[in-house]
Amino acid sequence: MAIKQTKTTEKNQKTQTQKLKVEKSLSQRKEIKKVSAQSAKNNVTNKTTTQTRHMICIMCPMGCSLTVKVDGENVEVTGNGCNRGVVFAKEEVTCPKRIVTTSVKTEHGVRSCKTTAPIPKNLIFDCVKEVEKLRLKDVKYGDIIIKNVLGTGVDVVVTANC
Amino acid sequence: MKTDVLVIGGGPAGMSAALSASENGSKVVIVERDEILGGILNQCIHNGFGLHYFKEELTGPEFAHRFREMVEADKNITVFTSALVTKIGEKKVEVMGALGVQTIEAKAVILAMGCRERTAGNISLCGTRPAGVLTAGTVQKMVNIDGKMVGKDVVILGSGDIGLIMARRLTLEGAKVHAVLEINKTSSGLRRNIMQCLEDFNIPLLYNTTIFEVVGKDRVEGVWFGQVDENMKPIDNTKKFLKCDTVVLSVGLIPEMEMADFVTKSRVTNGAVVNEFYQTDKQWLFSCGNILHVHDLVDNVALEAKLAGKFASLYAQGKLPPRTKKIPIVAGEGFSYVLPSKVYEGAGQVEVKFRLKEKVVRKTLTAKCGANILGKRFILAGVPGEMMSLTFDKSGATGRISLEIE
Amino acid sequence: MDKIYDCLIVGAGVVGASVFNKLTRIGKKCAMIDHASDVATGASKANSGLVHAGYDPEPGSLKAKLNVRGTALMPEICQRLGVPLKKCGALVVGDDAEKIANLKARGDANGVEVEIWDRAQILQKVPQISEHISVALFAPNAYIVSPYLFTITLTEEAIVNGGEVFLEEDLISAKKVDGFFEVKTKKNTFHAKTVVNSAGAGYNEVAKIFKGEEHPLLFRRGEYFVFDKQCGLEVPCTIFPLPTKFGKGVLVTATVDGNFLVGPTSEDGENNTQVTNAGLDDIKSKAGGMIAGINFRHAIREFAGVRVISGDDFIVEKSSLQEGLVNLAGICSPGLSSAPAIAEMVLELLGFENVEKKNLKKIQPYKMFKDCSPKEQAQMLKQDPRHKEIVCKCEKITKADVISALHRPLAIHSVDAVKRRTNAGMGRCQSGFCFTKVVKAISEECGVKYEKVLKENRGSEVAVGEIREVKE
């Protein structure tokens, strides 16, 4: 694989400080902050106060309006039409995850890439930043350009040849 | 040049149709106007493709890549890229581009040119016409393929899926997406996209709202926007100014049917009227994918094109079942359209596709011929934004088949 | 003083370009300057594209005289330039026979061929005419032309015959030095014996700098719809309603490219080219009264142009305040039709004899690959394989078409300039397919970074940078 990494991506310390920076830049993005506060550090929900969130279920076109009460480890979902709504809401309030897609710069222009699996939502910006650091020589479909991005156990791979 | 089946367009519909036509024994030629196969998928770098077809979640380029590899491996398929069809005639098309100027003759032709985006001109966007007013697809191409940033302060008009996807993409690239404005009271975008592209990033989605006027001489300087009344007319006292340098339009798609204007078209889908073989009223001309009707999932495009490719191939070989009595299929109350719109009398299963006019909850959809129920399907919920299907046995049908909500 | 021009033309619209062209043809050393990145970016790019027969202007007026003479000159000039000019005739329709008769009298007075038609004759020509139309005036000697292609080619022909064009010039000052004008712009200094102010909407700003006469100007905005070539309209001639005091009213016409235009509105106000809901609604209701069944869903573009009006007539005069300055003000409609005649009149005002040089060079006409014969196409494919690359799918424009437009006598570097020359981006997808292809071609050929390519004028860069570069 002809990958020339101008900056290494495995600097945990740096990632840590960067993460702080990102958190700061996200200060206006209240929604994310709220969620990330709950979901940070691997599902540890040590909230003492009860929080209520409203969301629309995306599991089917029904689009049930869900009300989710979070009280410590206790998550209560109402408004759901079926059990899939409960599963959806619980994941959204405890550890929401997303596949991240972006593009990486190479000497031949930009190439699209993605995380091979969903990563915690609060790491989306960090993950994009990790890809942004790269300046690669050439890549092809399927190349892994970052292994275990941000310690998530998920890789970033190239999704196109041109 | 001569071939059995000629496919116009090398996107997901064209590739899938070509593979299927080849599988069914025909020599196939694909004519694609862009430099590579894949169509618009190449610029859709986001995920969410392939769940039905490949049973895994892929990005657009990956979906295209898989099909491209299959097409390239298929010896019965010849691909011409950078080739533009300029005219479609009876069993022949004229092309220009990489092939030079020439005519390709075919026993069957498949329309798979997809759709184009509605433009500022199509929606009569008022104000000036400066740099920075772009369709979502153009923005997608500039950012994802060319690696260029279109602006820093963005307003998105229309909440179509590409608009939502680009809201997220531009945000991740450092732009501030101030709002997505939707003139209708609901979004045509998928719920999942609204959540993952807007709500995740706290981007407001304003319904019943549109741009009244674009401001800026050379570059967009801002927009006057506000609410509309029930007739979609601007309500003046809701007018507000928003400073921005870019306006992204995601205001709908139009099947690219102008070159085949000689076939009968549907007033609802703007695509051709087809029978169960995806055959237009010109027997040698077939249609599938977004040029037939705008789909929401590429998986469905590929599956539909597979059928069209098969039937076109059989037609080219003179093996299409002989035509019996024509039976129309009509969309009953609550449906905006159903497709195909006719079948032929006889045994067999038919899958029809349709869209609902409004959201329905806990209903049974039936295909009926008189009092005779040919097929039915219970749905928990259905929305206009989601294309649905129903499979039924046509052998019991003697006359008009209608789709009903019960 | 390194170089002294016989004439400096300020303002590169159709009028300026006509003067520029004519002066170079009689052997004068000329320069034409404009602040924009291309010629024909003001009223000359945004009008109906009509060469009027000349029945409409008040008999005896400058408008009448110049219109009739200009239109008479048009076929020869367009043929020389290789600019498509289509004789389609004009039909003024209405239900008031008396008014039509009055218009005919005007046409007769102006020496213009006109005839009165009854409904049967109208129907034969225009089957889609509205029911209430009972009478019409037909003027056979009316034409359609691309106003910008005409201006561009006039300019280019002048360049190959020794004229010079300077674009993106910002005028700073002008003074007389030793009897010559010394004109300073941000980039250059020009010396000229005479100056023509053909700045259109910018007339007064230029007049101020040159200490010439200012004239009260009225900006009249006209909005238009552009229709798809396949929109179901059958309009073999330009169709007007009876004129009012605000002008010729909302008309319906084909363009030389095969599209259709419906407009303009008529709104006095600021010099801006915005399109409004009210204006578009106005067009819809008025056009519907002439042609039945116009489907506005087939509109692919709306635009507005500003006609600059100064009193009832054109102003074509020698300045009495500044010797050697010629004022061209208020050249509204029929400005395009009159432009060749205005050029002749300017010649006269400047005291030049209208005798063209011998051995003038011809300009290579714009001809797109798709419009060539199979034989020519085969030749072109051999000469330039880039004719095999498709840029614009709607208008069928090749990469070589675009590239050759970039390397013509008048250098250009904007997407809209390419569009005006090749039609790439004019079609129904409105550049959805070709925009980035045109940008890339300009970037490669002109050595400009992709993101610095202009849509039209300075300040209209198509992107703000590369991704990853632009961060808060």
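Strand 11 of chain B and strand 23 (residues 465–466) of chain C pair in the antiparallel sense over 2 bridges, where pairing requires at least two DSSP bridges between two strands and strands (E, at least two residues) and helices (H or I, at least four) are DSSP runs numbered from the N terminus. Within this pairing, K148(B) has E466(C) as its bridge partner. The model is predicted, so local features need pLDDT of at least 70 and side-chain atom pairs count only at pLDDT 80 or more, whereas totals for chains, interfaces and linings use all residues. Residues are numbered from 1 along each chain as its sequence is written, chains are lettered from A in the order in which they are written, and side-chain values use heavy atoms, without hydrogens and water.

Between chain B and chain C, 50 residues of the former are in contact with 51 of the latter (heavy atoms within 4.5 Å). The two chains bury about 4,300 Å² between them, 52% of it on carbon and sulfur atoms; buried area is the accessible area (1.4 Å probe) lost on putting two parts together, summed over both. Of the area that chain B buries against chain C, 15% is supplied by R129(B), K148(B) and E173(B), more than by any other three residues.

Across this interface, 20 residue pairs are in polar contact, both residues being at pLDDT 80 or more (N or O atoms within 3.5 Å, one able to donate a hydrogen and the other to accept it, with residues adjacent in sequence counted only if both atoms are side-chain atoms). The side of chain B that touches chain C draws its largest share, 4 residues, from helix 3 of chain B. Its residues divide into 16 nonpolar, 15 polar and 19 charged, with Ala, Val, Leu, Ile, Met, Phe, Trp, Tyr, Cys and Pro taken as nonpolar, Asp, Glu, Lys and Arg as charged, and the others, Gly among them, as polar.

The count between chains B and C is 8 salt bridges (a Lys or Arg side-chain nitrogen within 4 Å of an Asp or Glu carboxyl oxygen), including K233(B) with D281(C) at 3.8 Å, N to O. The whole structure holds 60 salt bridges over all chains. One of them links D200(B) and K121(A) at 2.9 Å, N to O. D200(B) lies in the loop between helix 5 (191–198) and strand 14 (205–206) of chain B, and K121(A) in the loop between strand 7 (119–120) and helix 4 (124–133) of chain A, so the pair joins two chains. D200(B) is buried at 2% relative accessible area, and K121(A) is buried at 7% (buried, under 20%; 1.4 Å probe, protein chains only).

Note on methods:
Buried means under 20% relative accessible area, exposed over 50%, partly exposed in between (1.4 Å probe, protein chains only).
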